[in-house]
Amino acid sequence: MAEPWIRVHANIADKPVVWRLVKELGVTQNEAIGLLVRFWGQMSQHGHDGRAIALTDQQIDSWGGWRGKRGRFAAFVRTFHTDDDGRVNEWDDYAGKLEDR
């Protein structure tokens, strides 16, 4: 069976979500990218329809590989990286299309 995969922009380093994560959590640009890609990968395998709202802070922190103060990455995701329904921003445009397969 093929390994699952997610779509990541070639210019991810320039994306606003990366810079917001750098600013809000005080991490480097590369750390921000790693946190997001790890989180998106886990969401694609274990999340349901991009809904982060049902996840615990511990799950979100763990899925991103966050090693800082507990709950800070989860708070970032909930505040800046989900829509009003608690779904990861732009889920349908990226991972949602993969789920449809």
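At 0% relative accessibility, F73 counts as buried in this predicted model. The residue belongs to the largest nonpolar core, which has 25 residues and in which L21, F39 and F73 have the most contacts. Apart from the core, the structure holds three salt bridges, and by the ring-pairing rule the count comes to two aromatic pairs. The points below begin with the core and helix α4, and then turn to the aromatic pairs and the charged residues.

**The nonpolar core**

- The elements that give two or more residues to the largest nonpolar core are α1, α2, α3 and α4.
- Helix α2 gives the most to this core, with seven residues.
- F73 touches L21, L25, L35, F39, I60, D61, G64 and W66, not counting residues up to four places away in sequence. L21 and F39, two of these partners, are named together with F73 as the residues with the most contacts inside the core.

**Helix α4**

- Helix α4 covers residues 72-80, and its buried residues are F73, A74, F76 and V77.
- Viewed down the axis of α4, these buried residues fall within an arc of 160°, so they line one face of the helix.
- The buried residues of α4 pack against three other helices, namely α1 (16-25), α2 (29-46) and α3 (57-64).

**Aromatic pairs**

- A pair of aromatic rings is described by the distance of the centres and the angle of the planes.
- By this rule there are two aromatic pairs. In one of them, the rings of F39 and F73 have their centres 5.9 Å apart and their planes at 80°, so the pair is edge-to-face.
- F39 lies in helix α2 and F73 in helix α4, so this pair ties together parts that are 34 residues apart in sequence.
- F39 counts as buried, at 0% relative accessibility, and F73 is likewise buried, at 0%.
- The rings of F76 and F80 have their centres 5.4 Å apart and their planes at 40°, so this pair is tilted.
- F76 and F80 are four residues apart in helix α4, which means that about one helical turn separates them.
- F76 is buried, with a relative accessible area of 2%, whereas F80 counts as partly exposed at 27% relative accessibility.

**Salt bridge between α3 and α4**

- R78 forms a salt bridge with D57, and the closest N and O atoms are 3.0 Å apart.
- R78 lies in helix α4 and D57 in helix α3, so the pair ties together parts that are 21 residues apart in sequence.
- R78 is partly exposed, with a relative accessible area of 31%, and D57 is partly exposed as well, with a relative accessible area of 37%.

**The network of D49, R51 and R87**

- D49, R51 and R87 are linked in a network of salt bridges.
- The side chains of D49 and R87 meet in a salt bridge with an N to O distance of 3.0 Å.
- D49 lies in the loop between α2 and α3 and R87 in the loop between α4 and α5, so this pair ties together parts that are 38 residues apart in sequence.
- The side chains of D49 and R51 also meet in a salt bridge, at 3.6 Å from N to O.
- D49 counts as partly exposed at 33% relative accessibility, and R51 is partly exposed with a relative accessible area of 36%. R87, by contrast, is buried, with a relative accessible area of 11%.

**The loop between α4 and α5**

- R87 lies in the loop between α4 and α5 (95-99).
- In addition to the salt bridge, the backbone oxygen of D49 lies 2.7 Å from a polar atom of the side chain of R87.
- R87 touches D49, G50, R51, A52, H81, T82 and D92, not counting residues up to four places away in sequence.
- W91 also lies in the loop between α4 and α5, and W91 is buried, with a relative accessible area of 4%.
- The C-alpha atoms of W91 and D49 are separated by 7.8 Å, although the two residues are 42 residues apart along the chain.

Technical notes
Residues are numbered from 1 along each chain as its sequence is written. This is a predicted model: local features need pLDDT of at least 70, side-chain atom pairs count only at pLDDT 80 or more; totals for chains, interfaces and linings use all residues. Side-chain values use heavy atoms; hydrogens and water are left out. Buried means under 20% relative accessible area, exposed over 50%, partly exposed in between (1.4 Å probe, protein chains only). The arc is that of the directions from the helix axis to the C-beta atoms. Contact means heavy atoms within 4.5 Å. A polar contact is a pair of N or O atoms within 3.5 Å; within protein, one must be able to donate a hydrogen and the other to accept it, and residues adjacent in sequence count only if both atoms are side-chain atoms. A nonpolar core is a set of buried Ala, Val, Leu, Ile, Met, Phe, Trp, Tyr and Cys residues joined through side-chain atoms within 4.5 Å. A salt bridge is a side-chain nitrogen of Lys or Arg within 4 Å of a carboxyl oxygen of Asp or Glu. Rings of Phe, Tyr and Trp (its six-membered ring) pair if their centres lie within 6.5 Å; planes under 30 degrees apart count as stacked, over 60 as edge-to-face and the rest as tilted.
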